[in-house]
Amino acid sequence: MVPRGVTTGELKDSMSGHSVNIPHCSASLLKYFKLNIRRSRQLCAASSSDPSVANIHQLRVALRRTRTVLTLLKDQGIKTLSTVDSQNLSKLRKTLAKRRDADVAREILSSIGEDVPHRSEIEALHTNKLLKRLQKKKNRQLFRNLAKLAKDLKGQAISPEKTIRKQLEKLSHVYQKPSEVHAFRIVLKNSRYVLEGLGLSVDEFKPYQNVMGELNDLETLFFLTDEDPGIKKRRDKKLKEALKVIAPARKLAVKKLTAALTFRPDNLDPVL
C-alpha cells in the first residue's frame, strides 16, 4: 500500500537495492553515539542536583539519540548492552518521561490559568522518584559500559540500511485515524533521529513534530486531569491539526530516508 501523499515511484525507489556509503555512515554514527553518551552522562549528573525542565528535556533527548544508535546496531546483529544495563536504561527513560509529563502539564496549566482537577498533585508528581533514579550507582556503570561499547566499535562497519528499510516499511502504512496519530508520531521521531545520526539535516521535520508534540502534551494532561472538558476541547482542536500534517510529514520522511539509502559524502548537510 502506497502512503497517501507519497508517489508509487518514491516508494519503489526507497525499497530498491541501493547501497550506502558504509565508511562514511560508520564514522558519522560513531561520532553521534559518542557525543550523546557523553552528554547523557553529564546531564544525568547535572539533573540529579538540578532537575530543571531544561535539564530533564535535554537528558531525554540525549538518551533517545543514544538509544537510536543502539537499535541500529541491534538491527545489524551487533551485540550492545547486557540485560541489566538495558533494563536500567529503560527504567531511567520511563522515570524521565513521567517527570517530563508532569513538567509539561504544569507549563500548560500555568499558561491557561484555569482551575482543573488534581492541579496540586500534578505539580508535585514524580519528583522524589526521579531524584532517586538519577542518583543510582547503576547509572555510572551504564554510561561506562556505553562508552566502552563506542570504543570497541572503532573501525567496525556500521550500516543503517536495515533500520532505514524498517522505517520505510512502517511509513507505508496509511495513518489517518485519530487512534493512529501517536503511532505515527513515534515513527516520525525515530526516522528523524536515524537521519540525524547520519549527519543529515532534519530541520524540515520541526513544524510537523511541534504539532505532534503539542497534541501528545494535551493528551497527557487530559488524562492527568480526569478528562477535564476544557482540556478535551483544546486536545480535540490540536488533533484535527495533527491529522492534516500527517501526509506531508510522511512524504518528507520517505524522501529523506530514501536519499539516505543512496548515501554519499557529497550529499551531506552536516549538523554535527
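Which element gives the most to the lining of the largest pocket? Keep that in mind as we tour this predicted model.

**Stop one: the pocket.** Start by selecting Arg64, Arg185, Lys189, Tyr193 and Gln209, the lining residues that lie nearest the centre of the largest pocket. The pocket around them has a volume of about 1,300 Å³, and its full lining runs to 43 residues. Now colour the helices α3 (53-75), α4 (83-112), α8 (161-171), α9 (181-197) and α10 (206-224), each of which gives two or more residues to that lining. Here is the answer to the opening question: α3 gives the most, with 11 residues.

**Stop two: a link between helices.** Stay with α10 and pick out glutamate 214, then add lysine 238. Their side chains meet in a salt bridge, with 2.7 Å from N to O. Lysine 238 belongs to helix α11 (residues 229-261) and glutamate 214 to helix α10, so this pair ties together parts that are 24 residues apart in sequence. If you enjoy hunting for such contacts, a search of the whole structure finds 11 salt bridges.

**Stop three: the surface.** Finally, switch to a surface view and select Lys91, Lys132, Lys136 and Lys138. Together these lysines form a positive surface patch. To place one of them on the fold, show helix α7 (residues 137-152), where lysine 138 lies.

Conventions: Residues are numbered from 1 along each chain as its sequence is written. This is a predicted model: local features need pLDDT of at least 70, side-chain atom pairs count only at pLDDT 80 or more; totals for chains, interfaces and linings use all residues. Side-chain values use heavy atoms; hydrogens and water are left out. Patches are made of residues with over 30% relative accessible area and no salt bridge: like charges are joined within 9 Å, nonpolar side chains (Val, Leu, Ile, Met, Phe, Trp, Tyr) within 5 Å. Accessible areas come from the Shrake-Rupley method with a 1.4 Å probe; for residues, only the protein chains shown count as cover. A salt bridge is a side-chain nitrogen of Lys or Arg within 4 Å of a carboxyl oxygen of Asp or Glu. Lys and Arg count as positive and Asp and Glu as negative; His and the chain ends are not counted. The place of a charge is taken as NZ of Lys, CZ of Arg, CG of Asp or CD of Glu. Helices (H or I, at least four residues) and strands (E, at least two) are DSSP runs, numbered from the N terminus. On a 1 Å grid over the protein atoms alone, a cavity is a set of points where a 1.4 Å probe fits but cannot get out, and a pocket is an open set with protein on both sides within 12 Å along at least five of seven lines; lining residues have an atom within 4 Å of a point. Grid points are joined across faces, edges and corners, and a volume is the space filled by probe spheres set on the points.
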